[in-house]
Amino acid sequence: MRIACLGGGPAGLYFAISMKLQDPSHEIVVFERNRADDTFGWGVVLSDETLDNLAANDPVSAERISKHFAYWDDIAVVHNGVKTVSTGHGFCGIGRRQLLILLQERARELGVEMRFETDVQETSVDEYRREFDMVLAADGLNSRTRQTYAEHFKPDIDVRACKFVWLGTRQTFNDAFTFIFEKTEHGWVWAHAYQFDKDTATFIVECSEATWQAFGFGELNQQESIAICERIFAKHLGSHALMTNANHIRGSAWINFPGYSASAGASITWC
Ligand SMILES: Cc1cc2nc3c(=O)[nH]c(=O)nc-3n(C[C@H](O)[C@H](O)[C@H](O)COP(=O)(O)OP(=O)(O)OC[C@H]3O[C@@H](n4cnc5c(N)ncnc54)[C@H](O)[C@@H]3O)c2cc1C
């Protein structure tokens, strides 16, 4: 079978790997608009259950992933200066860029063809459908393909009320996945912090729309937003800065989490 994967993120690459493992005679091409090593964001978190599923599906890539992750079992909540820790939540964090590199390597050695810097246009999806036996739309949260075929997929997108920005830091959070709540002059602001390699942690800052408006985050550029977040979380950051790697986004990088479901049964949520 000839298969086209539109989008070379974790979903498109892992699908290509899985199909090759099922039947090496499949001809699979992944079309990705970015370069091989471009990425946004910081670390992603995988639960123990997900790791078990990956190992059962492809022990080779699972082992490579497990060599690169930061692992923890605790969740800590810091509220009003008091830290409460609960244990027994197995998770690992891995850099998104590292994950993509490992999946690309595995796909390549199984014979998957990857065409980078290839932007799939709305109009070209029909051409892929003519050329390939199966076309997988794996073009992410803002999928153009899902939008083009909205009549069939019937997406139901529930945009959540809070605003968040995805940052990183060299401060370490090795002990636990940490939630930090800080009361500010404009209301509560909280952070989700987790280690994903030996010297970098993801640091997602989140607040209500009203707090976000009161700070004026929507009108600030990323460095101005970061300066305020560094002040709010100063005592948790040591002397470390907050960092963005979303410089390709002009202006504010704050967004809302969308929850998505489609009649076809697919769903994307954040864990
Ligand atoms: C702040 C934040 C934190 C998150 N944390 C976690 C977490 O801890 N654990 C977790 O499991 N998930 C997490 N996620 C979600 C995770 O990032 C997504 O679930 C995951 O990236 C989805 O993979 P994907 O391959 O479906 O989409 P994506 O990673 O978005 O990949 C889609 C790919 O398609 C490409 N593409 C898009 N349009 C086109 C086009 N027209 N032509 C060619 N290529 C195209 C894109 O360049 C991209 O490479 C988080 C997300 C956010 C925003």
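**Exercise 1.** Determine how many bridges join strand S1 to S7, and place this pair within its sheet in the predicted model.

*Solution.*
Step 1. Strand S1 (residues 2-6) and S7 run parallel and are joined by 4 bridges. Within this pairing, Ala-4 has Val-135 of S7 as its bridge partner.

Step 2. The sheet is open and consists of 4 strands with parallel pairing, in the order S6-S2-S1-S7.

Step 3. Strand S6 (113-115) and strand S7 (134-137) each have a single partner strand; therefore they stand at the edges, and one side of each lacks a neighbour in the sheet.

Step 4. On average, neighbouring strands of this sheet are turned by 20 degrees against each other, direction ignored. Helix H1 (residues 10-22) packs on the sheet and touches S1, strand S2 (27-31), S6 and S7. The direction of H1 makes about 175 degrees with that of S2.

**Exercise 2.** Identify the residues with the most contacts inside the largest nonpolar core, and the elements that supply this core.

*Solution.*
Step 1. The largest nonpolar core has 25 residues, and Phe-203, Val-205, Phe-217, Phe-233 and Trp-254 have the most contacts inside it.

Step 2. At least two residues of this core come from each of strands S8 (156-169), S10 (187-197) and S11 (200-207) and helices H8 (209-215) and H9 (222-232).

Step 3. Beyond its neighbours within four places in sequence, Trp-254 contacts residues including Phe-164, Val-205, Trp-212 and Phe-217.

**Exercise 3.** Classify Ser-47 as buried or exposed.

*Solution.*
Step 1. Ser-47 belongs to strand S3 (residues 43-47).

Step 2. Buried means under 20% relative accessible area. Ser-47 has 16% relative accessibility and therefore counts as buried.

Step 3. Leaving aside neighbours within four places in sequence, Ser-47 is in contact with Gly-90 and Phe-91.

Definitions and conventions. Residues are numbered from 1 along each chain as its sequence is written. This is a predicted model: local features need pLDDT of at least 70, side-chain atom pairs count only at pLDDT 80 or more; totals for chains, interfaces and linings use all residues. Side-chain values use heavy atoms; hydrogens and water are left out. A nonpolar core is a set of buried Ala, Val, Leu, Ile, Met, Phe, Trp, Tyr and Cys residues joined through side-chain atoms within 4.5 Å. Buried means under 20% relative accessible area, exposed over 50%, partly exposed in between (1.4 Å probe, protein chains only). Contact means heavy atoms within 4.5 Å. Two strands pair if DSSP finds at least two bridges between them. Axes are lines fitted to C-alpha atoms, for helices over the stretch in contact, and angles run from 0 to 180 degrees between N-to-C directions.
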